[in-house]
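User: I'd like a close look at one part of this protein: how do two of its helices pack together, and what surrounds them? Please walk me through it slowly, then show me a few other spots worth finding.

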Amino acid sequence: MPSTFNPELVEAPIGHWIGNKFITGQPGIELHRPSDGTSYASCPVGSAETVDHAVSTAKKALQTSGWGTCRPRERTEAMQRWADMIVADAEKIGQLESLSSSRPISQSVSVDVAVTAEQIRFFAEMADKEGGDVIPTDGNHLGMVLSEPYGVVGAITPWNVPVSMAGWKIGPALAAGNAIVLKPSELTPFSTLYIAQLAVKAGIPAGIVNIVLGDGLTTGASLIAHPDIAKVSFTGSTIAGAAIMKTIASTQIKPMTLELGGKSPQVVFSSADLNVAARCIARSILLNAGQTCVAGTRVIVDKRVSAEFVTLLSAAMTSYRAGATWDEATDYSPVISERQLSRIESIVDAAVFEGAEAIIGGKRMDRKGYFYEPTILSNVEKDSPALVEEIFGPVITVQTFEAEEEAFALSDHPTYGLAAGVFSKDLQQALRAVKRIEAGTVWVNRYGRSRDHILPTGGYKASGIGKDLGREAYKSNRRQKSVLIEI
């Protein structure tokens, strides 16, 4: 069990990790701890020159190390050693994660770091198991599809679950034989920097994993537009994803994987086990204080059971204990920044002003740090930002339905289609919902990812392009070459 720690005693690595060393930059973005608002570090902003140095280092490392052309099992073994080292240093990595992010130490060690190691192992094992194909042709030809790495992959990860998101990007890129230059969020860079150092210690050649720090406008844009970045992988907001697409279209066409925003529905039918549904939904929205792209923020419940269900959901959501991320007893997080806290506050206040009812919550907590009360809103106007926009906070809206088709219509969102939840004991009803709801992932009688990394994740509509996790993520980090030989 991870222990409470003193944030003042945690030494955080800072600087760009390029090759096998830290490169310091000028002080840039002031960082504040979400749990108490204390300023504690400054993140440098990598320039176009910094990005070019990292990409050039990655390209040279590929050419000199043989990482992309070695016996695939060698990549597997190096990545397995890396995963072992991550597990061995889980407490340290968890503290770095909880220091800067909104992830409580009780979850960052046992979940985030553990899952990161599992993801790396999962993709490591694909290195010598996924290849090309021999294609059926007539007897005078031999047709093949060869599979090859792209080269240098550029990746950008968000601040909400930093180390796990790094595993999403680095794992498949490396297993597929690529090098990577990754820009973590400027708000939460430390755990990613630390595991990058461990990669070299595990025997992954220096320069194969590089980390550049900075913001999106300068550092991120330079990385995406760099001519030697052969493929882009991004997780973040839909607005940022659209900007990345525009940059790629205007500079250099290249493949991309985009895992973007969501406004996911959770449909509760009258046949559901309401206690199970209430616990699942409370856990899903209060995990990281609602700061996950798949957060199921739109509850759509059968009118016949809505009063009972809202009572159960309210009780479940008010049972969580808010506290500092470095306190082992904490199970409810702060939001990441004052800016994000103010945005949540303004959206909820506007909805209430328009006539919505805050059944529970509805305001910031009276304590240090950036904490917002778990909130349930009902009677929300259909065009209210509280119902339409991704809030990225601990706020749920409740709508009711009378007929099944009405539930499906309410579940559809004009913009997003990332995930959805369905709660029903009626198997046929649940399967109808699975087929009808437009979303890249649908969970039934649960909500949230498991540790089955074989299941891909990604969205419909403006929730993204391509998939993370699963075989799809590995394959998206390799390109195909068709070969036809005249015999």
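**Two helices and their surroundings**

Analyst: Start with α2 and α5, which are roughly antiparallel to each other. Keep in mind as you look that this is a predicted model. Where do you find the pair? Helix α2 runs over residues 72–88 and helix α5 over residues 162–175. In general, two packed helices are described by the angle between their axes and the distance between those axes. Here the angle is about 155 degrees, and the axes sit 10 Å apart. Angles over 145 degrees count as roughly antiparallel, so that's how this pair gets its label.

Now zoom in on where they meet. From α2, you'll see R75, M79 and W82. Facing them from α5 are I170, G171, L174 and A175. Sort that contact by class and you get five nonpolar residues, one polar and one charged.

Next, follow the greasy side chains outward. The largest nonpolar core has 78 residues. Among the members that touch the most other members are W82 and L174, and you've just met both in the helix contact. I204 is on that list too, along with I86, I180, I208 and V209. Click on I204 and you can see how this links up: it touches W82, M79 and A78, plus L174, W67 and A199, leaving aside residues up to four places away in sequence. There's also a second, separate core of 43 residues, including A277, V301, I344 and Y370.

Now hop over to E259, which an unreviewed UniProt entry annotates as "active site". E259 is part of strand β11, residues 256–259. With a relative accessibility of 1%, E259 counts as buried. Leaving out sequence neighbours up to four places away, its contacts include W168, C293, R449 and D468. F234, T235 and G236 are also among the residues E259 touches.

Last, two backbone oddities. Most residues other than glycine have a negative phi. A289 isn't a glycine, yet its phi is positive, near 55 degrees. You'll find A289 in the loop between α9 and β13, and at 1% relative accessibility it's buried. N445 also has a positive phi, about 55 degrees, without being a glycine. That one is in the loop between β19 and β20. Is N445 buried or partly exposed? At 37% relative accessibility, N445 counts as partly exposed.

Definitions and conventions: Residues numbered from 1 in each chain as written. Predicted model: local features only at pLDDT ≥ 70, side-chain atom pairs only at ≥ 80, totals over all residues. Heavy atoms only, no water. UniProt positions renumbered as here; feature names shortened; annotations may be inferred. Helix = DSSP H or I, 4+ residues; strand = E, 2+ residues; numbered from the N terminus. Buried < 20%, exposed > 50% of the residue type's maximum accessible area, 1.4 Å probe, protein only. Contact = heavy atoms within 4.5 Å. Axes fitted to C-alpha atoms, helices over the stretch in contact; angles between N-to-C directions. Parallel < 35°, antiparallel > 145°, perpendicular 65-115°, else oblique. Nonpolar A, V, L, I, M, F, W, Y, C, P; charged D, E, K, R; others polar. Core = buried A, V, L, I, M, F, W, Y, C linked by side-chain atoms within 4.5 Å.
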